[in-house]
Amino acid sequence: QVHLVESGGDLVQPGGSLRLSCAASGLIFRIDIMGWYRQAPGKQRELVATISRRNGNTDYADSVEGRFTISRDNTNDTVYLQMNSLKPEDTAVYYCNGDDMYVPDRTYWGQGTQVTVSS
């Protein structure tokens, strides 16, 4: 089993920055690709960014490309999401995710952290 815990969500003004953290514990060796997703009220959960724990390859949604940066610290089993130039439409609950390499379709989720962008 893998346990994911997000932190760092807050209320921030438009144009501001936040850094989210996702701390992983348990059988972390089972995970290569980790991602950040978000879900705004009344909308479906959407992918924000992913990173490979093995080689650091990243991928971003078009809506955050150039503003958000995903990174990882394998020594602390933590994945980060640096969010800059935040917009009101970035308001959502942000979730950390990890796909199990050994069991198809098994995905681990954190409990989420609220990000609110408002003046």
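Good morning. Read from one end of the sequence to the other, the chain follows the pattern β-β-β-β-β-β-β-β-β-β-β. That gives 11 strands and 0 helices. Please bear in mind throughout that this is a predicted model.

I shall begin with the overall dimensions. The radius of gyration of the chain is 14 Å, close to the 14 Å that the globule rule gives for 119 residues, so the chain is as compact as a globular protein of that length. Along its principal axes, the C-alpha trace spans about 45 × 25 × 25 Å. The accessible surface comes to about 6300 Å², and carbon and sulfur atoms hold 45% of that area. Of the 119 residues, 43% count as buried. Among contacts with a separation of 6 or more, 53% are made by residues 24 or more positions apart.

Let me turn to the pairing of strands. Which strands does β3 pair with? Strand β3, residues 18-26, is joined to β1, residues 2-7, by 6 bridges, and the two run antiparallel. Strand β3 also pairs with β8, residues 78-83, again in the antiparallel sense and over 6 bridges. Individual positions help to fix the register. Between β1 and β3, His3 stands opposite Ser25, and Glu6 stands opposite Cys22. Between β3 and β8, the bridge partner of Arg19 is Gln82.

Strand β1 deserves a further remark, as its side chains alternate. Val2, Leu4 and Glu6 point to one face and are buried, while His3, Val5 and Ser7 point to the other face and are not buried. Glu6, which faces Cys22 across the strand pair, is thus listed on the buried side of β1.

I come now to the interior. In soluble globular proteins, nonpolar side chains tend to be buried together. In this model, the largest nonpolar core has 29 residues, and those with the most contacts inside it are Trp36, Leu81, Met83 and Tyr94. Strands β1, β3, β4 (31-39), β5 (46-52), β7 (68-73), β8, β9 (92-100) and β11 (113-117) each supply at least two residues of this core. The largest share, 4 residues, comes from β3.

Met83 may serve as an example from this core. Which residues does Met83 contact, leaving aside its neighbours within four places in sequence? The list comprises Gly16, Ser17, Leu18, Leu20, Arg67, Phe68, Tyr94 and Val115. One of these, Tyr94, is itself among the core residues with the most contacts. Another, Arg67, will return in a moment as a salt-bridge partner.

The charged residues are my last topic. A search of the whole structure finds 5 salt bridges, and I shall describe three pairs.

In one pair, Arg38 bridges to Glu46, with the closest N and O atoms 2.7 Å apart. Is Arg38 buried or exposed? Arg38 has a relative accessible area of 6% and is therefore buried. Glu46, at 36% relative accessibility, counts as partly exposed.

A further pair is Arg53 with Asp77, where the closest N and O atoms are 3.3 Å apart. This pair links distant parts of the chain, 24 residues apart: Arg53 lies in the loop between β5 and β6 (58-60), and Asp77 in the loop between β7 and β8. Arg53 counts as buried, at 13% relative accessibility, whereas Asp77, at 23%, counts as partly exposed.

The remaining pair I wish to show is Asp90 with Arg67, with the closest N and O atoms 2.8 Å apart. This pair, too, links distant parts of the chain, with Asp90 in the loop between β8 and β9 and Arg67 in the loop between β6 and β7, 23 residues apart. Both Asp90 and Arg67 are buried. Furthermore, Arg38, Glu46, Arg67 and Asp90 are linked in a network of salt bridges.

Finally, I would draw attention to Arg30, in the loop between β3 and β4. Arg30 counts as buried because its relative accessibility is 16%, which is under the 20% cut-off. Not counting residues up to four places away in sequence, Arg30 touches Asp99, Asp100, Met101, Tyr102, Val103, Arg106 and Tyr108.

Thank you for your attention.

Key:
Residues numbered from 1 in each chain as written. Predicted model: local features only at pLDDT ≥ 70, side-chain atom pairs only at ≥ 80, totals over all residues. Heavy atoms only, no water. Pairing = 2+ DSSP bridges. Core = buried A, V, L, I, M, F, W, Y, C linked by side-chain atoms within 4.5 Å. Buried < 20%, exposed > 50% of the residue type's maximum accessible area, 1.4 Å probe, protein only. Contact = heavy atoms within 4.5 Å. Rg over C-alpha atoms; globule rule 2.2 N^0.38 Å. Areas by Shrake-Rupley, 256 points an atom, 1.4 Å probe, with all protein chains shown as cover. Salt bridge = Lys/Arg side-chain N within 4 Å of Asp/Glu carboxyl O.
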